[in-house]
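Here's a quick briefing on what some of the side chains are up to. Take a look at the model first, then read on.

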Amino acid sequence: MDCIQPGTIAPEDLLAFLDGEAPPAVGEHLRRCPGCAARARAYARSQDRLRAALRRIDCPSPLVLGEYELRLLAPEEGRRIAAHLGDCPRCAAEIGQLRGFLAAEPAPTAPGPVERVRRLVATLVAAPPRGAYAGLRGADDDDTRTYRAGDLTLSLSTGPSARRGRLSLDGLLWREGGGAVTADGGSAILSAAGGATETAEIDDLGNFAFDEVAPGTYGLEVALGDEHIVVEGVVLAR
Amino acid sequence: MGAGFGQMALAEIVGGCREETGKFLRREPSDDRFCLELLRRAIVEGDQAAWGAAFAQYRGLVLGWIRLHPAASAAGEDDEYWTNRAFDRFWSAVGPERFAAFPSLAALLRYLKLCAHSVLLDAVRARPPAPPEALLDREAGIGAAPDAAAEVLDRLDAQDLWRAVNAELRDEAERTVARLCLALDLKPREVYERHPERFASVADVYRVKRNLLDRLRRSPALRAFSG
Ligand SMILES: [Zn+2]
Ligand SMILES: [Zn+2]
């Protein structure tokens with residue numbers, strides 16, 4: 001489609017118009033000239049598609065930006081990131097956000113959730129059958145372990161699971177003096193070495209159960225309000 | 001690290017780390033060597049029990065960081081999920097060969113905090129952007145035709161597209177325009193402000209950009225996409 005007034009509008013003017021940076025005469029012309037409007041629309045479509053697909057394709061990952069900020073990069077890569085930051089407002093904004101985040105609670109000085117929560121490491125009362133960390137070895141009559149933390153006693157016992165190759169882990173908590181274990185419920189969190197966690201609710205009587213646990217070494221954390229009991233190295237074996 | 005720490009039973013290390021962390025949080029003098037040894041065994045020796053103990057030790061700290069992060073609400077998933085991702089990243093990014101690059105416990109924990117930040121930011125970046133405001137529609141009453149770009153996008157790997165774009169670039173000015181206008185979404189005025197040494201004027205940036213777009217639209221490799 002031809003222009004109704006050839007020579008008045010350069011292709012660059014169409015791009016400037018799309019950015020809202022063209023003189024008013026360009027918009028005026030586009031309203032009257034279907035040919036130029038079609039060309040402007042085609043440019044808009046091209047650059048929208050390219051921008052959407054290529055959005056931040058050249059940006060370093062947030063982890064690399066952070067390693068730059070923490071001075072962990074080799075000098076050459078550091079220079080490359082610095083040059084990128086000079087060009088890229090989005091990465092510069094992310095660095096700003098990271099600085100704020102790191103400063104919000106300098107690790108590990110500022111009071112964090114760890115400080116509000118009283119964490120007690122449970123100590124094993126009954127000695128394990130073998131090895132310092134054999135929390136629960138699968139001996140026939142020796143599959144219960146008792147731990148103490150403060151005025152709390154925790155007994156853990158393993159048993160068969162309904163699922164083949166798995167074990168059940170049952171816990172029972174009680175307080176010295178017979179007080180309620182927990183006023184408003186609690187939970188037990190079993191953490192595998194790979195980072196996977198499983199949570200079980202603790203009932204009014206202090207019972208909790210994990211029904212299908214794979215053999216392995218776990219950390220167990222019993223959370224009762226702001227009181228956390230930590231049991232390390234719980235070994236579950238058949 | 002004194003030889004003594006290397007020989008200590010894990011239980012002693014774990015207990016020491018917890019106790020010293022408590023002192024640290026109470027602003028009392030504390031000894032980092034227990035916690036450092038715990039992390040060394042987890043990372044350098046791949047000791048699973050040490051790993052589990054380190055996770056239990058710092059899980060609450062990381063959870064607190066995630067809750068503090070301004071991007072957490074936008075990232076989707078729950079805090080527990082991001083905490084696990086942060087630890088995954090920490091273990092894989094530090095690794096046995098890199099452990100020595102961290103001179104102190106504080107440096108390691110700062111890196112763990114960076115890991116929490118970076119897993120959240122990755123999620124935020126992966127969200128699709130708001131559709132660009134069509135100035136053309138507003139000012140000139142020109143409706144953009146319905147667009148199959150999203151569909152095309154699914155089929156075209158962004159890295160392949162970027163390579164195809166780069167193959168069409170002829171000089172440093174075009175490379176700058178491709179990076180800043182297409183990948184970073186800057187306007188030619190902003191490009192000129194950043195690189196006055198490379199362009200004569202804002203109009204010059206528009207000229208380079210127009211040439212580039214025309215060429216990309218003619219390129220057989222890109223026509224389906226940029227046309
Ligand atoms: Zn025209
Ligand atoms: Zn960037």
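B:Phe55 counts as buried because its relative accessibility is just 1% (buried means under 20% relative accessible area, exposed over 50%, partly exposed in between, with a 1.4 Å probe and protein chains only). This is a predicted model, so local features need pLDDT of at least 70, side-chain atom pairs count only at pLDDT 80 or more, and totals for chains, interfaces and linings use all residues. Residues are numbered from 1 along each chain as written, chains are lettered from A and ligands numbered from 1 in written order, and side-chain values use heavy atoms, without hydrogens or water.

**Aromatic rings**
- B:Trp51 also counts as buried, at 7% relative accessibility.
- B:Trp51 and B:Phe55 make a stacked aromatic pair, 5.8 Å centre to centre with 15° between the planes (rings of Phe, Tyr and Trp, using its six-membered ring, pair if their centres lie within 6.5 Å; planes under 30 degrees apart are stacked, over 60 edge-to-face, the rest tilted).
- Ring pairs link these two into a cluster with B:Phe87, B:Phe90, B:Trp91, B:Phe102 and B:Tyr111.
- Over all chains, the whole structure has 10 aromatic pairs.

**Charge over a ring**
- B:Lys113 lies over the face of A:Phe101, 5.0 Å from the ring centre (NZ of Lys or CZ of Arg must be within 6 Å of the ring centre and within 35 degrees of the ring normal).
- The charged end of B:Arg85 sits over the ring of B:Tyr81, 4.8 Å from its centre.

**Buried cysteines**
- A:Cys59 and A:Cys91 are both buried.
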